[in-house]
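User: Please take a close look at one part of this structure, the surroundings of the ligand. I would also like to hear about any unusual backbone geometry elsewhere.

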Amino acid sequence: MWLQKLFHLFYPPLPPPPLLDCVDAGVSERERETERQRKRKRGAETQGPNILLPIPIQSWGDAEDRVNLAEQSLLNKLIRHSLVRNRNQVEVLQADPTSPLYSVKTFEELRLKPELLKGVYNMGFNRPSRIQENALPMMLAQPPQNLIAQSQSGTGKTAAFSLAMLSHANPVNKWTQCLCIAPTYELALQIGQVIEQMGKFCPDVKLAYAIRGNRLERGVKLQEQIVIGTPGTVLDWCTKYKIIDPKKITMFVLDEADVMIATQGHRDQSLRIHRQLTKDCQMLLFSATFEDSVWRFAEQVVPDPNIIRLKREEETLDTIKQFYVICKEKEDKFIALCNLYGTLTIAQAMIFCHTRKMAAWLTAHLTKEGHQVALLSGEMTVEQRAAVIERFRSGKEKVLVTTNVCSRGIDVEQVSLVVNFDLPVDLDGNADNETYLHRIGRTGRFGRRGFAVNMVDSQHSMDIIKQIEMHFSMFQFHSVSLCLNRINLNPNLFSFSLSPTDRKIIKLDTTNLEEMENLIC
Ligand SMILES: Nc1ncnc2c1ncn2[C@@H]1O[C@H](COP(=O)(O)OP(=O)(O)OP(=O)(O)O)[C@@H](O)[C@H]1O
């Protein structure tokens, strides 16, 4: 409860969604004209007379949900209850290539203190994860070794360095020996919880949180062996209040380096903390991604590093069958969706909209039709989002309507159908291929068969489908004409007819539909 209160105190909900929408009529003539001029400039005015104009760029900005890295990280932590399945290769680059590569298959091999081993097993960990197999021996080695470890969220990094700190801390010494910094208050609390849980049977090892609001008397030295906090407060505790002696820190952990450097000021604060540590301090840096900027930062912080990288499970479209559905406008898309609804609920489905407003509109209309759906969009607090995902995961709702806020990072294994109610576009109005892959990558996971249905409501969205198709060099799109007339709705959920405007549309008969439903099952 207190955690929740603190959470809301420091993590206020985002401002209410702006009342802008992308495909409906809320677009002024002036905006349309601006857009026409822009397209003319690009020499791209090649479409026929009946096209629906693309969405004016300036009207998207506020209405879209942008992915916030720190929020995404926290959300992942809140909803993750187990390791992400990964059979991919671990790449290890040793600081000293001549030393033998040492990895472990059991926690016993690490020769941990019995109380700590008990804590590990008590958390339900039977054996080290892929990344832990290599990282733990390096982190626990004598003499200490520095480490840069990169692997996606949910592969066991936090558990690994928590174990390393608990093993490293000497409870006889009443001063701070292990210092861990994380990008946000909430992420620091999450890590602290893992340390507390894992160290449950090591009561002599104490933990302190260097986070906003935790005030301590100036000059009184901290007795806790492990400190976890955010860069600003940790820096204050080391320099201004001098309650941590940085020269006595022998293990420094920098978590979520990619999120850290994306947060203004954190990069410099981290470097300032780092500068006060001794040369002998063991440096451990973790990141989910490794762009050049993260790499440059890592090199500044971690001298002579061992490097461990876990290759990412490739997102693939091979096991996903993709369709598009021709519709005229938003209402048509809605009817098409209703026709599909029975198929959506055979397993679980996610429906992506471009704006919060559209997602809310769709949810309201589906609910009015008597369907039970969940809504997840960016104006919710991270905690609210986690609760919605939990319900969806446990199957309480079979259909989740969402925006791009949920396009990446969220694993719900049962999702076998993704509907792009609005196609993903970038700020220039072109196909956003990466987001498309992330969205439909929610389905067809771990080699299972998945389905994606794209709603096409204009020449512009048809162009986007073609761009996507070309980008992934695939020719497996099937044009499906859903009969949008309710009268044609038969017991087999939906029927197909030749569209009066396009006679070339392939007819998908009930046999195919049954096959699709069987595959989803
Ligand atoms: N060896 C293990 N065996 C079983 N479960 C584990 C093991 N290590 C970690 N886990 C669990 O797997 C989940 C992900 O682990 P962890 O949080 O350490 O990963 P991470 O890479 O730090 O991801 P994130 O940054 O999202 O937290 C957690 O629920 C954790 O309790």
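Analyst: What follows describes the residues around the ligand, then the annotated domain, then three places in the backbone. The model is predicted.

The shell around the ligand holds 18 residues, and those that come nearest are Phe125, Ser153, Lys157, Thr158 and Ala159. Two elements give two or more residues to this shell: helix 4 (69-79) and helix 7 (157-168). Helix 7 gives the most, with three residues. Sorted by class, the shell has 10 polar, five nonpolar and three charged residues.

An unreviewed UniProt entry places a "Helicase ATP-binding" domain at residues 138-308. In the model, this span is 39% helix and 17% strand, and its end C-alpha atoms lie 10 Å apart.

As for the backbone, most peptide bonds are trans, and most residues other than glycine have a negative phi. Glutamine 142 and proline 143 are joined by a cis peptide bond, with omega about -5°. Proline 143 sits in the loop between helix 6 (130-140) and strand 2 (147-150).

Arginine 111 is not a glycine, yet its phi is positive, about 50°. This arginine lies in the loop between strand 1 (90-93) and helix 5 (114-122). Arginine 111 counts as exposed because 10 other C-beta atoms lie within 10 Å, and the cut-off for exposed is 12 or fewer.

Aspartate 304, also not a glycine, has a positive phi of about 40°. Its place is the loop between helix 12 (292-301) and strand 8 (306-310). Aspartate 304 has 9 C-beta neighbours inside 10 Å, so it is exposed.

Conventions: Residues numbered from 1 in each chain as written. Predicted model: local features only at pLDDT ≥ 70, side-chain atom pairs only at ≥ 80, totals over all residues. UniProt positions renumbered as here; feature names shortened; annotations may be inferred. Helix = DSSP H or I, 4+ residues; strand = E, 2+ residues; numbered from the N terminus. Near = placed C-beta within 6 Å. Nonpolar A, V, L, I, M, F, W, Y, C, P; charged D, E, K, R; others polar. Buried ≥ 20, exposed ≤ 12 C-beta atoms within 10 Å, placed from the backbone.
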